[in-house]
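Got the viewer open? Let's walk through the cysteines and then the aromatic rings, one selection at a time.

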Amino acid sequence: MLRMKWELLLLAIICWQRSHTDIAEPKQSLGHVTVVIVGATGDLARKYLWQGFFQLYADQVGKGHTFSFYGGGLSPDEKATPLLFGILKELACPPELSTERCALVKEQFLHLAQYRQLNTSEDYEKLSQHIRQQVEQEGMVEAGRLFYLSVPAFTYADIAEKINNTCRPAPDAWLRVVLEKPFGHDIGGAQFLAKQLSDKLKEEEMYRIDHYLGKQVVSKVLSFRKENKKLLDPIWNKHHIERIEIVLKETLDAKGRIQFYDQYGVIRDVLQNHLTEVMTLMLMNLPANLSNSAEILQNKLQFLASLQYIDKSNAVIGQYQAYNGEVQEELNKTKDFYSLTPTFAGVVIHVNNAKYDGIPIFMMSGKALDERVAYARVIFKCDTFCVQDSTDIQCKSKQITFYLGHGNLEYPAILVSKNLFKPDLASHDWKEVTENKDVNVLGLPLSDYYIQTPVVLREPYVELISQVLIGRKDSFISTEGLLASWAFWTPLLHSLAHVFPRLYPGGVANSNLLNFQLRGHQVSFSQEAVVNIIKSGTEENFQVMQGKFRSSEMVSAWSQELVERLASDLLMAAEEAIRQDGQFHLALSGGSSPVALLRTLALDLYTFPWSDTHIWQVDERCIPHTESGSNFRSIHNLLFQHIRIPYFNLHPMPVQLNQRLCVEEDGGPKLYQQEIKQFINASSFHYVLLGVGHDGHTASLYQDTKLDSDNERLVTLTESPIKPHQRMSLTFTAINKARRVGVLMMGKGKHELVSQLSRIKGESPKYPITKVQPNNGTLIWYIDYDALLG
């Protein structure tokens, strides 16, 4: 009772003060808000959260809300209360408050705060009862409850369950629960955590926080693009943008955070969340209404879905040399333990859409680097040829930079080089900077930029906490957005799981050791490492090995080298066929086997003669080509959309005729056979690429497939034991007419099959692949070491 009266008295005093300095505005009572920080004496709460909530309270005094603040944790009250108030007494005054007014506001804030042990369900239930009694006694209306979980992610589900079962407000009040990253370890972990939370909390009640979205520059990316849309639209595309760089460099190491950091590493800690969010805001389609959270979310999801698949060929990783010793010390590991956790990563990303196709997005972050700086910049192509004066403004680099802070500039800003255009301000609370320091920023003197910066600098947590209070969600991570981001990053993380990072000394001593380059779509360090302290095992001792398998040629290597060898062999076969026949006819199978090969052909083999190549299908599912399960759709996504191949050189199987799928009387197989005979001399493909299923089937020819007695039939309808059952496939007659047949088998899952096939002489009805025996052509098996050796 006394606390509430004290708060009301303070409100009256502050409102009186405002009436003598500002124009007073009548404020409607908006109800009582309860704030609960779980993990109230932890590092994050001490550094940022209590300061953020103090700023929120200072901003809201006299505007209709009343507040209570609870710090919660596992420790008993008598132990944690002194710690909490030690934190609160150190809170800094917001710059907009006078000394006298700040003292009054801070005193009241301390009066409204208390610590409560929150361990069991009973603890949460008692807190809820206390809140209800407090509100009822003072005759207040409860507006809502805000829980901030500043605790490890593995505790989220348990705390959410306790809140849901015992500490929800009345139905007419809101509940908002703020969650700190990490939100999972990969796509599987993120889905599991999302399911756990969705059983206890509604989507609109969850606020997954990424403090980068609270940085003032990041929060104004969309506003800047909107305000300058007429100037940006003509140049914000692949015809004008040379590259994009998104960078977060840190001088600090991970010491003291090893227990967390060694589980996650730099990609999970920074790239998957902070830098991905910045990239998304820069390149997503602009929403018609910047206040429409739903539209912003949909545009984000659409952009994330357009990102090209990445794996270890698109990234480099490093680890500062002292890191492993820190791991051994902090995690009590033995001296022979080596952590593979990267503290540095450089990744190049591409976008699959017409607007940004071909633009490389360089994303980089690391610890123990030479400087602390964060920025995202768009570098435009140089369209001016300077005959004499290369120092002229029009001859200099053209760029737009979202500068997040530190580095040479030291303050957050949006910079536009003066040889582009003079931008409009991102919003009314920003200002143009006209007095420039004598420094260079990213290759240009500061005087070569138009610069705008916030009028008042505010901490990210302050910004985001205020957004939680008003229930605005576009600055937070939705479940769909979280899963879309993890779906993009997980393949890279899994492919890097056993890769040894390059060691670097740290700081300025790194020199050019971490420089990386893009060749085609392959990313590599620019220079070979001088010293390789950690030996990476026997893998490097194996390159490409040739031998015999089932009396035919065999090529074996680790998966990446094997795919590169197969791509090279296809290139040579294509060049030979074009020299002899003027065209190259290639038949590709469906399934997972050719995926890595198609990516290599699409993104790294620029000399392939696509204009003289015809692509045929070995088999197809009886579903429309527009559906995701279609083999043709898969080849389109992985290959066709990345290469320049004439449309009339593509030959999809006609599985859909007369608005129905694979009906015998429609004659689809006969039509495809006629097309083969029309285009291909003697119906002999230059190259047929096959995979092999775990049951020994190839193409869509299975153990129970019954082929008619017509030995000249090239195409047939078949039945698969798995859905979709109906298939169209080349026959063994068509396959064995080919001049070259390649069979690709990769992965440990194929080891047992490889062993079985190696013991079989000749044909076996149990394994249809054994019927592949080219009449006058060559059969080559491409088997990686995982499949060969297990």
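Start by selecting C386: with a relative accessibility of 25%, this cysteine is partly exposed, in what is a predicted model. Now add C395, its disulfide partner, and you'll find the two sulfur atoms 1.6 Å apart. Look down the S-S bond and you get -115 degrees, a left-handed link between C386 and C395.

While you're here, pick C382 as well. Why is C382 not bonded to C386? The closest cysteine sulfur to that of C382 is indeed the one in C386, but at 6.2 Å it is too far for a bond; the cut-off for a disulfide is 2.5 Å.

Next, jump to C93 and C102. Their sulfurs sit 1.9 Å apart in another disulfide, also left-handed, with -90 degrees about the S-S bond. Is each end buried or exposed? C93 is partly exposed at 42% relative accessibility, whereas C102 is buried at 1%.

Now for C622 and C662, a disulfide with 1.9 Å between the sulfur atoms. The torsion about its S-S bond is about -90 degrees, so this one is left-handed. Zoom out a little to see what it connects: C622 is in the loop between β25 (619–621) and α18 (631–638), and C662 is in the loop between β28 (660–661) and α19 (668–679), so the pair ties together parts 40 residues apart in sequence. Both cysteines, C622 and C662, are buried.

That's the set: the whole structure has 3 disulfides. Count the bonded cysteines in sequence order and they pair 1-2, 3-4, 5-6. One more cysteine to click on is C167, which is buried at 0% relative accessible area.

Time to switch to rings. There are 28 aromatic pairs in the structure. Try Y261 and Y323: their ring centres are 6.2 Å apart and the planes meet at 65 degrees, so the pair is edge-to-face. It links distant parts of the chain, with Y261 in helix α11 (residues 258–283) and Y323 in helix α13 (residues 323–330), 62 residues apart. Y261 is buried at 1% relative accessibility, and Y323 is buried too, at 0%.

For a bigger selection, take W50, F53, F54, Y57, F67, F69, F109 and Y148 together; they make up one aromatic cluster.

Two last stops bring in charges. Show R502 with F525: the charged end of R502 sits over the F525 ring, 4.0 Å from its centre. Then show R599 with Y309, where the charged end of R599 sits over the Y309 ring, 3.4 Å from its centre.

Note on methods
Residues numbered from 1 in each chain as written. Predicted model: local features only at pLDDT ≥ 70, side-chain atom pairs only at ≥ 80, totals over all residues. Heavy atoms only, no water. Buried < 20%, exposed > 50% of the residue type's maximum accessible area, 1.4 Å probe, protein only. Helix = DSSP H or I, 4+ residues; strand = E, 2+ residues; numbered from the N terminus. Phe/Tyr/Trp six-rings, centres within 6.5 Å; stacked < 30°, edge-to-face > 60°. Lys NZ or Arg CZ within 6 Å of the ring centre and 35° of its normal.
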